[in-house]
Amino acid sequence: MRAMILNNPSVLEPGTVDDPTPDKGDVVVQVTHSGICGTDLEIYHGGIPVDYPRIMGHEMIGEVAETTEKGPAAGSRVIVDPVTFCGTCYHCKAGQTNICPNGVLIGRDRDGGFADYLTAPAGNLYVLPEEIKDKDASLIQVLTTCFHAQQRAPIAPGESVVVIGLGVTGQLHAQLAKDKGADPVIGITRSAWKRELAETLGADVTLEPGDDLQARVLELTEGRGADLVIETSGWVSSLAQAIELARIGGRILPFGIYTEKEAAFPYYQLYFKELSILNARAAKDKDYPSSIDLVEKGAVKLPPLISHMMPLDDLNKALDTLESSNAKTMKIILEN
């Protein structure tokens, strides 16, 4: 089969490999569309270690080619949950299957979706309704991670929510918060076009970072500060800003992936405000049906978040585009 093969850090080449052989309980999926995210970039550059050669890709949909007794029928259009788990360890028995230490991530620890076919456990496949288009559907995997995070930091109707960073996950978080009844939902980014997009998708107010940012948030939240601040940029300086913007007794959801070793941090405010910090890593199986339903009924809109469609063979170009500061880039979807 055709595949984009990562042979070493930053060495990604098209090639041909054997069709995957399913293990017991696995299903073979013919991939039709896959999304690219920051995790793929980290793997590509070597920031996240993998065994080489590796086929990346963990945001994928396709059609079932070969199935088992328990899997969806052949020909079913499915989304693949890339997070596997053992089902027998302490965490799995406690319902924490998404952080199972024996589990693997498809596209990082085993070959993923940047190929014609992949294998996945039957229980990791979810049939997609006809109303959701192929080009949009792989974004549901990203949505599930945001949905899971907000389950850990639940939003009550009327609570104020600040979202720092309005990339793909920031836009999804803002939409989810609005669907939960948050008021106001305040988005923060330096990018004017991302602020405009967030407002078309339901954000009540968008702000540009600046000296008066804290004053503006206080003004919009009746002088208290935000009930919940969601930080999606992955910069510790933005996480420090989240502490400043949260109200006393508020909550912070650090959703970005932080790789910095050192940074200034308002530790006293963290103590003085008695803040709750709730982070999240990966979605659980139950987050998929809920996320699919939100998209199907139109509560979360995915098409505006897709900026580029490219063929699988253009994966190198797609990665360059994702890193380019000159492009108005959100989600890039690859078509097989």
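In this predicted model, helix H6 uses its buried residues to pack against two neighbours, helix H5 (168-179) and strand S10 (205-207). H6 itself spans residues 192-200, and its buried residues are Arg 195, Leu 197 and Ala 198. These three cover an arc of only 160° around the helix axis, so they end up on the same side of H6. Flip to the face turned away from that buried side and there are exposed residues instead: Glu 196 and Thr 200. After H6 comes Gly 202, and its phi is positive, near 120°.

Zooming out, the protein has eleven helices and 15 strands. A compact globule of 336 residues would have a radius of gyration near 20 Å, and the protein has 20 Å, so the two agree. Its C-alpha atoms fill a box of roughly 60 × 45 × 40 Å along the principal axes. How much of the protein is buried? Buried residues make up 52% of the 336.

The contacts tell a story about distance along the chain. Of the contacts with a separation of 6 or more, 70% come from residues 24 or more positions apart.

As for the outside, the protein exposes about 15200 Å², and carbon and sulfur atoms supply 48% of that area. Charge is worth a look too: there are 30 positive and 46 negative side chains, with the centres of the two sets 5 Å apart.

Notes: Residues numbered from 1 in each chain as written. Predicted model: local features only at pLDDT ≥ 70, side-chain atom pairs only at ≥ 80, totals over all residues. Heavy atoms only, no water. Helix = DSSP H or I, 4+ residues; strand = E, 2+ residues; numbered from the N terminus. Rg over C-alpha atoms; globule rule 2.2 N^0.38 Å. Buried < 20%, exposed > 50% of the residue type's maximum accessible area, 1.4 Å probe, protein only. Contact = heavy atoms within 4.5 Å. Areas by Shrake-Rupley, 256 points an atom, 1.4 Å probe, with all protein chains shown as cover. Lys, Arg positive; Asp, Glu negative; His and termini not counted. Charge placed at Lys NZ, Arg CZ, Asp CG, Glu CD. Arc of directions from axis to C-beta.
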